[in-house]
Amino acid sequence: FERFNTFIESSSLIFLSWVMEREWSLNYISKNIHQLGYTQEDFLCNNKEYLQIIHHEDRNRVLMEIETNKNKRGIDCFNQVYRVLSSNGEIHWIDVHTIVERDAADNVVNFFGIIKDITEKKIIEKKLIHNEKKFQSIMKQTASAVSNYPLAELHNMNILTQALKQTDDMIRITDPNGVIIFANDAQLRYSGYTLEETVGQTPRMFKSGEHDDLFYQNFWETIQNGKTYNGVFKNRRKDGTIYHEAETVSPIIDENSNIQYFVSTGKDISNRIALEKQLHKQATTDTLTGIYNRQKFVEVFEDEFYRFARYHSRFALIMLDLDFFKNVNDNYGHDIGDKILKSICKVINSNIRRTDIFARWGGEEFMIIAPGLSQKDEVMALAEKIRMSVESYLFDNIGKMTISLGVTLPKTEDTLKEILKRVDDALYHAKRSGRNQVCFL
């Protein structure tokens with residue numbers, strides 16, 4: 001019994017027992033009635049009646065419901081929702097589950113009640129109803145912004161409610177300060193938040209941290225100036241995962257040109273973004289080695305050459321070739337040859353700078369663009385570092401390998417074709433001079 005008592009007293013539920021005399025005389029009430037500011041003694045010793053704390057507007061209804069259920073044979077429990085007053089006069093909403101105790105003749109001898117305070121739930125419900133009314137008012141003004149239905153048809157669809165519930169577009173409405181007052185089912189589904197967690201917050205709750213301040217500054221300046229904003233947001237779900245949302249945010253302006261609300265409609269385009277990245281990677285990456293392919297190299301090389309010609313932004317070009325690689329394929333097979341190519345790329349990648357561009361030119365030939373290098377000794381040092389890293393590496397199956405490298409710097413009078421020809425000539429000289437060396441032209 002003591003354990004049961006401890007459970008009751010630590011519970012958020014209030015337990016009570018009474019008989020229908022006068023204004024309900026309680027023969028038991030749990031100590032946690034203190035949640036409403038009362039003590040056990042108030043009801044059990046000081047002759048305070050429970051009926052007195054029921055809100056006067058609900059009292060007759062509560063009595064009527066109890067009387068009705070009491071007189072129905074076979075009814076042994078029922079639920080009621082009504083208001084009570086705490087000791088300081090505050091209103092609390094409660095959900096009461098009442099158990100009817102009857103004797104053998106089916107006469108009521110006692111009532112046992114379990115009270116759950118649902119005040120917070122009622123406050124949220126009231127807020128949502130208020131926001132729903134706001135939402136319906138807004139929708140009259142913004143039907144075309146959130147749906148393709150004609151306005152006359154939308155009025156027949158409960159002012160957009162059904163359409164918005166069924167659409168897969170994410171829809172949010174905020175007040176002028178950015179506080180969310182409405183979010184449709186799709187918004188909740190994609191973000192992972194409940195309606196109660198969303199309403200009353202701002203869209204900052206979806207912030208991923210992957211946009212800089214300038215991005216958000218541009219966004220706010222656009223919509224606060226009464227213009228519609230279109231863009232892609234990287235948003236964060238409740239579980240922490242990122243999704244891409246193509247979003248349109250439109251300000252709703254009254255007859256005095258004051259912004260009343262912002263309506264946001266969005267689509268989850270994460271799959272499209274992922275596919276675009278995959279296609280871009282396939283278009284720019286060498287499938288065997290994982291580094292840039294020739295097409296991507298040419299694109300970057302042209303950009304570097306343009307910056308050099310227009311802004312005198314310096315760069316160096318390195319071309320390298322694997323020495324006697326044909327012998328590897330002939331003696332060990334192309335599978336081993338492919339492994340060697342991938343291994344050499346890993347070695348070189350770990351010995352160049354993060355700003356350097358490394359690409360496969362074709363076969364066993366590779367190119368490196370080294371931005372910012374303007375002196376022969378600088379680029380020769382980098383090329384020599386690469387040569388030595390490969391020479392000292394022990395490759396699986398074949399042991400040692402070497403590479404030859406050609407190096408050049410662009411000249412003011414150069415064309416793209418001339419630079420490529422010169423670095424190719426430098427590589428040719430390195431190979432003709434005995435291989436495993438660097439040659440500058």
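## Surface and overall make-up

Let's start from the outside: the accessible surface of the protein chain is about 24,500 Å², and carbon and sulfur atoms account for 49% of that area. Keep in mind as you look around that this is a predicted model.

The protein chain has 441 residues, and 43% of them count as buried. Its secondary structure consists of 15 helices and 15 strands. Take the contacts between residues at least 6 apart in sequence: 52% of these join residues that are at least 24 apart.

## The nonpolar cores

In soluble globular proteins, nonpolar side chains tend to be buried together. Here, the largest nonpolar core holds 33 residues, and L322, I340, I344, I348 and M401 have the most contacts inside it. At least two residues of this core come from each of strand 11 (315–322), helix 12 (325–332), helix 13 (334–349), strand 13 (365–371), helix 14 (376–391) and strand 14 (403–408). Helix 13 is the biggest contributor, giving seven residues.

I344 is a good residue to click on. Once its neighbours within four places in sequence are set aside, I344 is in contact with L322, V390, F395, M401 and I403. Another core lies apart from this one; it has 23 residues, including W18, Y50, V62 and F78.

## A five-stranded sheet

Strands of a sheet pair through backbone hydrogen bonds, either parallel or antiparallel. In this model, five strands make up an open sheet with mixed pairing, and their order is 12-13-11-14-15. Strand 12 (357–362) and strand 15 (438–440) are at the edges; each has a single partner strand, so one side of each has no neighbour in the sheet. From one strand to the next, the twist averages 20 degrees.

To see one edge in detail, follow strand 14 to strand 15: the two pair in the parallel sense over three bridges. Within this region, V407 has F440 of strand 15 as its bridge partner. Helix 14 lies across strand 11, strand 13, strand 14 and strand 15, and it runs at about 170 degrees to strand 14.

## A look at the cysteines

How many disulfides are there? The count is zero.

Two cysteines, C77 and C439, are worth finding in the structure. C77 has a relative accessibility of 37%, so it counts as partly exposed. C439 has a relative accessible area of 17%, and because buried means under 20%, C439 is classed as buried.

How values were computed. Residues are numbered from 1 along each chain as its sequence is written. This is a predicted model: local features need pLDDT of at least 70, side-chain atom pairs count only at pLDDT 80 or more; totals for chains, interfaces and linings use all residues. Side-chain values use heavy atoms; hydrogens and water are left out. A nonpolar core is a set of buried Ala, Val, Leu, Ile, Met, Phe, Trp, Tyr and Cys residues joined through side-chain atoms within 4.5 Å. Buried means under 20% relative accessible area, exposed over 50%, partly exposed in between (1.4 Å probe, protein chains only). Helices (H or I, at least four residues) and strands (E, at least two) are DSSP runs, numbered from the N terminus. Contact means heavy atoms within 4.5 Å. Accessible areas come from the Shrake-Rupley method with a 1.4 Å probe; for residues, only the protein chains shown count as cover. Two strands pair if DSSP finds at least two bridges between them. Axes are lines fitted to C-alpha atoms, for helices over the stretch in contact, and angles run from 0 to 180 degrees between N-to-C directions. A disulfide is a pair of cysteine sulfur atoms within 2.5 Å.
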